[in-house]
Amino acid sequence: MTRAHDGCSLIPTGSGVIDAEHGAILDLLSAMTGGALFGLVELTALRREVAEHFATEAAEMVVLGAERRERHEHAHRSYLASIDALVDTAKRGDPVTDDDANRLMLWFIVHSNTADTDLVETARRAGDEPPMISMDEWLDSLDETDRDALRS
């Protein structure tokens with residue numbers, strides 16, 4: 001379990017790639033909420049990391065139904081828009097507050113622990129479907145069973 005500086009935890013999703021990306025994003029957010037000054041450079045790095053992570057998840061979302069996929073993608077777009085608004089604030093030279101960073105952190109943890117863990121579990125279940133067997137393979141397996149019976 002990955003912990004933010006304030007004790008909030010990310011639940012492992014079970015996907016090594018997604019969990020590693022979550023850890024990298026959490027590191028950026030933790031630095032921003034840890035009392036250190038942050039601004040345009042940190043927000044730009046966060047925006048880039050989050051966008052790349054959302055692209056990773058988008059590839060996994062093919063297993064979701066259309067409505068669930070749209071809700072998940074909408075959440076991603078909204079989060080990126082929140083980061084973009086803070087980038088614009090920083091570009092104007094206006095301060096970005098700890099409250100802003102804390103809201104980004106809270107959203108990320110809740111989303112990761114709910115929607116992302118569900119996404120990975122759904123993908124895993126979709127991958128656990130029994131393999132389809134062709135008629136030829138099935139007939140061949142019957143022949144093998146008959147041959148084995150004759151050898152005994």
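With which residue does Arg103 form a salt bridge? In this predicted model, the partner of Arg103 is Asp100, and the closest N and O atoms of the pair lie 2.7 Å apart. Both residues belong to helix α4, which spans residues 98-127, and because they are three residues apart in that helix, about one helical turn separates them. The two partners are unlike in their accessibility: Arg103 counts as exposed, at 53% relative accessibility, whereas Asp100 is buried, with a relative accessible area of 15%. The value for Asp100 falls under the 20% limit that defines a buried residue, and the value for Arg103 is over the 50% limit that defines an exposed one.

The chain as a whole contains five helices and two strands. Along the sequence these elements follow the order β-β-α-α-α-α-α. Of the 152 residues, 34% count as buried. Among contacts in the chain with a separation of 6 or more, 73% are accounted for by residues 24 or more positions apart.

The pair formed by Arg103 and Asp100 belongs to a wider set of charged pairings. Side chains of opposite charge can pair when their charged atoms come close. By the distance rule applied here, the count comes to seven salt bridges. One of them is also placed in helix α4, where the side chains of Arg125 and Glu121 meet at 3.6 Å, N to O. Arg125 and Glu121 are four residues apart in α4, so that about one helical turn lies between them. Arg125 is partly exposed, with a relative accessibility of 46%, and Glu121 is likewise partly exposed, at 33%. A further salt bridge joins Glu70 to Arg77, with 2.6 Å between the closest N and O atoms. Glu70 has a relative accessibility of 38% and counts as partly exposed; Arg77, at 44%, is also partly exposed.

Attention then turned to the packing of the helices. Two packed helices are described by the angle between their axes and the distance between the axes. Helix α1 (residues 16-33) and helix α2 (residues 40-60) have axes that come within 10 Å and cross at roughly 160°. Helix α1 is therefore roughly antiparallel to α2, since an angle over 145 degrees is counted in this way. The crossing of α1 and α2 is left-handed. On the α1 side, the contact is made by Val17, Ile18, Glu21, His22, Ala24, Ile25, Leu28, Leu29 and Met32. The α2 side contributes Glu42, Leu43, Ala45, Leu46, Glu49, Val50, His53, Thr56, Glu57 and Glu60. By residue class, the contact of α1 with α2 comprises 11 nonpolar, three polar and five charged residues.

Helix α1 also packs against helix α4, at an angle of about 165° and with the axes 9 Å apart. These two helices are therefore roughly antiparallel to each other, and the crossing of α1 and α4 is left-handed. Residues Ile18, His22, Ile25, Leu26, Leu29, Ser30, Met32 and Thr33 of α1 take part in the contact. They meet Asp98, Ala101, Asn102, Leu104, Met105, Phe108, Ile109, Ser112, Asp116 and Val120 of α4. The residues of this contact of α1 with α4 divide into 11 nonpolar, five polar and two charged. Several α1 residues, including Ile18, His22, Ile25, Leu29 and Met32, appear both in the contact with α2 and in the contact with α4.

Two individual positions were examined further. Thr89 is located in helix α3, which covers residues 66-91. With a relative accessible area of 15%, Thr89 is buried. When its neighbours within four places in sequence are left aside, Thr89 is in contact with Asp94, Pro95 and Val96. Gly127, by contrast, lies in helix α4 and is exposed, with a relative accessible area of 58%. The C-alpha atom of Gly127 is separated by 9.2 Å from that of Val63, although the two residues are 64 residues apart along the chain.

Methods. Residues are numbered from 1 along each chain as its sequence is written. This is a predicted model: local features need pLDDT of at least 70, side-chain atom pairs count only at pLDDT 80 or more; totals for chains, interfaces and linings use all residues. Side-chain values use heavy atoms; hydrogens and water are left out. A salt bridge is a side-chain nitrogen of Lys or Arg within 4 Å of a carboxyl oxygen of Asp or Glu. Buried means under 20% relative accessible area, exposed over 50%, partly exposed in between (1.4 Å probe, protein chains only). Axes are lines fitted to C-alpha atoms, for helices over the stretch in contact, and angles run from 0 to 180 degrees between N-to-C directions. Angles under 35 degrees count as roughly parallel, over 145 as roughly antiparallel, 65 to 115 as roughly perpendicular and the rest as oblique. A crossing is left-handed if the near helix is turned anticlockwise from the far one by less than a right angle, and right-handed if clockwise. Contact means heavy atoms within 4.5 Å. Ala, Val, Leu, Ile, Met, Phe, Trp, Tyr, Cys and Pro count as nonpolar, Asp, Glu, Lys and Arg as charged, and the others, Gly among them, as polar.
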